[in-house]
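Reader: I am new to this structure. Please take one part of it and walk me through that part closely, then show me how the rest connects.

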Amino acid sequence: MKKIRAFGRCRWSLSILLLIFMCANAISNPTYDEIEWVELIPEDDLNALLDPPDFLIDIEDGSELDSVDALSSMGTKSDNVQRFQQALTSTRIMESFDKKSVRIPGFIVPLSSDDEHRVVEFFIVPYFGACLHMPPPPPNQIIHAKFDKGVEVPQLDVAFWFEGVINVETNSNELGTSAYAISLDNIETYN
């Protein structure tokens, strides 16, 4: 009978240890919600960007007229043009993402690197060439990141997965302004 009680206590102790291990493992390996870029932008900003003014179709990419400043100086100020212009520079965010563990694909726009030429500070953007060509994505479509380990970026057209905790935080640089920041846990090449 003593052996049965001892076995029962041992099983109970092992169950507790297993539970503690599982909880510790869950804390050290957070789950990331895979998100899409459009989830970070308020719906009315997205709708405005999806309905650009007709005259923008005739503007050549990279030309003098292909900028937010040029759009601001144009004489036509219909409601559609004004709303589109506001959406291009919007820092409005989705509060539901503040402090959320996320996984998002994107491209790196380097801001600084370490002595070994690894990128340690950068913007994460939804498409290749963003911030390098005008106009940059809206701030609510740019995420600022610092990664002390650094990441090797063989080419700017290489896409990555980013995992970490996103925060509502505005950061500005000559290349653009971000409305979000992320504390990165992992970076891996997008496959």
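Author: What follows starts with the whole chain, then settles on one strand and works outward.

The model is predicted. The protein chain holds four helices and six strands. Read from the N terminus, the order of elements is α-β-α-α-α-β-β-β-β-β. Of the 191 residues, 38% are buried. Long-range contacts matter to the picture too: among contacts between residues at least 6 apart in sequence, 66% join residues at least 24 apart. The chain exposes about 11,900 Å². Carbon and sulfur atoms supply 54% of that area.

Now the close look: strand 3. This strand covers residues 119-125. How many of its seven residues are buried? Six are, so strand 3 is largely enclosed by the rest of the structure.

Take its pairing with strand 2 to begin with. Strand 2 spans residues 100-113. Strand 2 and strand 3 run antiparallel and share six bridges. One position to find is Ser113, which stands opposite Val119 in strand 3. The two strands form a hairpin, with five residues between them. His117 sits in that turn. Its phi is near 65°, a positive value in a residue that is not glycine. Most residues other than glycine have a negative phi. Is His117 buried or exposed? His117 has a relative accessible area of 65%, and the cut-off for exposed is over 50%, so His117 counts as exposed.

Next comes strand 4, residues 143-151. Strand 3 and strand 4 are antiparallel, joined by five bridges. Val119 turns up again here: it stands opposite Val151 in strand 4. So far, then, Val119 has Ser113 opposite it in strand 2 and Val151 opposite it in strand 4.

Look at the aromatic rings next. The model has four aromatic pairs. One of them joins Phe122 and Phe162. The pair is tilted, at 6.1 Å centre to centre with 40° between the planes. Phe122 belongs to strand 3 and Phe162 to strand 5, so the pair ties together parts that are 40 residues apart in sequence. How accessible are the two? Phe122 has 0% relative accessibility and counts as buried. Phe162 is also at 0% and counts as buried. Phe160 joins them: Phe122, Phe160 and Phe162 form one aromatic cluster.

That cluster leads to strand 5, residues 159-173. Strand 5 pairs with strand 2 in the antiparallel sense, over eight bridges. Within that pairing, Lys100 has Ile166 of strand 5 as its bridge partner. Strand 5 also pairs with strand 6, residues 176-189. Their sense is antiparallel, and 12 bridges join them. Two residues lie between strand 5 and strand 6, which form a hairpin. In this pairing Trp161 stands opposite Glu188 of strand 6.

One more residue of strand 5 links back to the start: Asn171. Asn171 has 19% relative accessibility, and buried means under 20%, so Asn171 counts as buried. The side chain of Asn171 makes a polar contact of 3.2 Å with that of Glu169. Leaving out residues up to four places away in sequence, Asn171 touches Phe123, His144, Gly176, Thr177, Ser178 and Ala181. Phe123 falls within the residues 119-125 of strand 3. His144 falls within the residues 143-151 of strand 4.

Now step back towards the N terminus. Just before strand 2 is Lys99, in the loop between helix 4 and strand 2. Lys99 is not a glycine, yet has a positive phi of about 70°. Lys99 is exposed, with a relative accessible area of 58%.

Helix 4 itself covers residues 79-88. Its buried residues are Val81, Phe84, Gln85, Ala87 and Leu88. They cover an arc of only 160° around the axis, which puts them on the same side of helix 4. Asp79 also lies in helix 4. At 65% relative accessibility, Asp79 counts as exposed. The C-alpha atoms of Asp79 and Pro53 are 9.9 Å apart, and the two residues are 26 apart along the chain.

To return to the main part: strand 3 pairs with strand 2 and with strand 4, and its Phe122 pairs with Phe162.

Methods. Residues are numbered from 1 along each chain as its sequence is written. This is a predicted model: local features need pLDDT of at least 70, side-chain atom pairs count only at pLDDT 80 or more; totals for chains, interfaces and linings use all residues. Side-chain values use heavy atoms; hydrogens and water are left out. Two strands pair if DSSP finds at least two bridges between them. Buried means under 20% relative accessible area, exposed over 50%, partly exposed in between (1.4 Å probe, protein chains only). A polar contact is a pair of N or O atoms within 3.5 Å; within protein, one must be able to donate a hydrogen and the other to accept it, and residues adjacent in sequence count only if both atoms are side-chain atoms. Contact means heavy atoms within 4.5 Å. The arc is that of the directions from the helix axis to the C-beta atoms. Accessible areas come from the Shrake-Rupley method with a 1.4 Å probe; for residues, only the protein chains shown count as cover. Rings of Phe, Tyr and Trp (its six-membered ring) pair if their centres lie within 6.5 Å; planes under 30 degrees apart count as stacked, over 60 as edge-to-face and the rest as tilted.
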